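These are my notebook entries on a structure that I have opened for the first time. I record what I looked up, entry by entry.

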Amino acid sequence: MDSWIRFSAQSQAKERVFRAAQYTCTLLGYTLQKGGAGVELLKTVKQLEAHVSLTRKLMRLGNSAEAVEAAKRAVHLSDSVLRLCLTVAHLNKAMYFACDNVLWAGKAGLLPQLDQVKWSQRSFRYYLFALILNLTRDAYEIRLLMEREARSSHVGSKATWTSSPPSPNPSSLTPENVDLSDPSSLPGAILPVRLRRQCHLLVTVLRSNPPLLLDLLKNACDVFIPLDRLGIYPTGEGFVGACGLASSVLSILTIIHPWLKLKP
C-alpha cells in the first residue's frame, strides 16, 4: 500500500498510467475493428482514446523546463559519449514537450487556427530523434560492459591456463596454426564460435544489468510509435498500441522500483 501511495503521489506516475490507458484503447480499437465490432462501439473507444490523450497533454505542461534542467545536468558528465547523447536527447525532449504543449492548446480551442497536423509531425520528429539518441546511449553502455566482461573472463581463463595448460581446441586456432587441409579450421568455421561468444557476453551483460535491459526494451518499443506516425515505417494501429502499452508498463515499473531506472 505504501508503494502505491508513493506512486500515485507522483505526477509522472499518473501520466504513465494514462499513457498505458491510451495505448490500451489503441490496441482495443484495432482488435475490435478486426473482430467486426459495431460502429458505435469503435467510435466510443476512439473518443475515449482522444480524451485520454488530451488529458496526458495537459499533464505534461511544463515538462520542457524539467527536460532542460536534465540537459544541464548531463553536460557535466565525464564520459563524452554519454554527455553528448544525454544532453542532446534531453534538449530534443524539451522541444517535443514544447510542441506537445502548443498542440494541446490547439486541441483545447485556445489556438483555433493552429495547424495540428503540422505541429503533431514536428513533435514526433523531436521525439524520434530523442529515442534514437537514447538507443545509441544504450548500445554504447552495452559495448562498454561487454568489453569489461570479456576482459574479466580473459583474465580468469589466463589464470586457469597458468595452473593447468589447456588441451588444443580447434575453435581457438590462430592463423599461424590453421591447417588448410582441414576445412573445419578455416576462418569461416571460427566465425560462428566468435558470434556465439558475443551473444553469450550480450546475454550475460543484460541479465546482470536489469536497468539497462529495461531501458533498452522501453526505447525499442517506443521508437516504433514516431516511425509509424511520421510514415517512415508504418506498422499499424495494433502494433503501435502493443508497443506503447509495453513501454508504459516498463516505465511504471521503473517508477515503482527506482533502482530499475537507468542512471545517469
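**Entry 1: Overall layout**

I began with the order of elements: from the N terminus on, the protein runs α-α-α-α-α-α-α-α-α-α. I note at once that this is a predicted model. My tally of elements gave ten helices and zero strands. I then looked up burial for the whole protein and found that 34% of its 264 residues count as buried. I also examined contacts between residues at least 6 apart in sequence, and 70% of these join residues at least 24 apart.

**Entry 2: Salt bridges around Glu15**

I turned next to charged side chains. Side chains of opposite charge can pair when their charged atoms come close. How many salt bridges does the structure hold? I recorded eleven.

I looked up Glu15 in particular. Arg16 forms a salt bridge with Glu15, and their closest N and O atoms are 2.8 Å apart. I checked the accessibility of each partner. Glu15 has a relative accessible area of 5%, so I list Glu15 as buried. Arg16, with a relative accessible area of 15%, is buried as well.

Arg60 also meets Glu15 in a salt bridge, at 3.1 Å from N to O. I placed Arg60 in the loop between helix 3 and helix 4 (63-74) and Glu15 in helix 2 (residues 11-34), so this pair ties together parts that are 45 residues apart in sequence. I found both Arg60 and Glu15 buried.

**Entry 3: Asp222 and Arg19, and a network**

I then followed a pair that reaches farther along the chain. Asp222 forms a salt bridge with Arg19, with 2.8 Å between the closest N and O atoms. Because Asp222 lies in helix 8 (residues 210-222) and Arg19 in helix 2, the pair ties together parts that are 203 residues apart in sequence. Asp222 and Arg19 are both buried.

Which residues are joined into one network by salt bridges that share partners? I noted Glu15, Arg16, Arg56, Lys57, Arg60 and Asp100.

**Entry 4: Glu49, a buried charge**

I looked for a contrasting case and chose Glu49, which is placed in helix 3 (residues 39-59). Glu49 is buried yet has no salt bridge. The nearest side chain of opposite charge is that of Lys46, 4.2 Å away. The cut-off for a salt bridge is 4 Å, so I do not count this pair as one. I also listed what surrounds Glu49: leaving aside neighbours within four places in sequence, Glu49 is in contact with Gln22, Cys25 and Thr26.

**Entry 5: Glu141 and its surroundings**

I located Glu141 in helix 6 (residues 116-163). Is Glu141 buried or exposed? I recorded a relative accessibility of 13%, so Glu141 counts as buried. Its side chain makes a polar contact with the side chain of Arg137, at 2.9 Å. Apart from neighbours within four places in sequence, Glu141 is in contact with Leu82, Leu212 and Leu262. I also looked up Val205, which is 64 residues from Glu141 along the chain; the two C-alpha atoms are separated by 9.9 Å.

**Entry 6: Aromatic rings**

I closed with the rings. My count of aromatic pairs came to four. One of them joins Phe224 and Tyr233: the ring centres are 6.4 Å apart and the planes stand at 45 degrees, so I call the pair tilted. Phe224 also pairs with Phe239, with centres 5.1 Å apart and planes at 90 degrees, so this pair is edge-to-face. The pair of Phe224 and Phe239 links distant parts of the chain, with Phe224 in helix 9 (residues 224-229) and Phe239 in helix 10 (residues 237-256), 15 residues apart.

I compared these rings with the accessibility values. Phe224 counts as partly exposed at 24%. Tyr233 is partly exposed, with a relative accessible area of 46%. Phe239 is partly exposed too, at 37%.

Elsewhere, I found Tyr96, Phe97 and Tyr127 linked into a cluster by ring pairs. As a last item, I looked at Trp119: Arg122 lies over the face of its ring, at 4.5 Å from the ring centre.

Methods: Residues are numbered from 1 along each chain as its sequence is written. This is a predicted model: local features need pLDDT of at least 70, side-chain atom pairs count only at pLDDT 80 or more; totals for chains, interfaces and linings use all residues. Side-chain values use heavy atoms; hydrogens and water are left out. Helices (H or I, at least four residues) and strands (E, at least two) are DSSP runs, numbered from the N terminus. Buried means under 20% relative accessible area, exposed over 50%, partly exposed in between (1.4 Å probe, protein chains only). Contact means heavy atoms within 4.5 Å. A polar contact is a pair of N or O atoms within 3.5 Å; within protein, one must be able to donate a hydrogen and the other to accept it, and residues adjacent in sequence count only if both atoms are side-chain atoms. Rings of Phe, Tyr and Trp (its six-membered ring) pair if their centres lie within 6.5 Å; planes under 30 degrees apart count as stacked, over 60 as edge-to-face and the rest as tilted. A charge sits over a ring if NZ of Lys or CZ of Arg is within 6 Å of the ring centre and within 35 degrees of the ring normal. Lys and Arg count as positive and Asp and Glu as negative; His and the chain ends are not counted.
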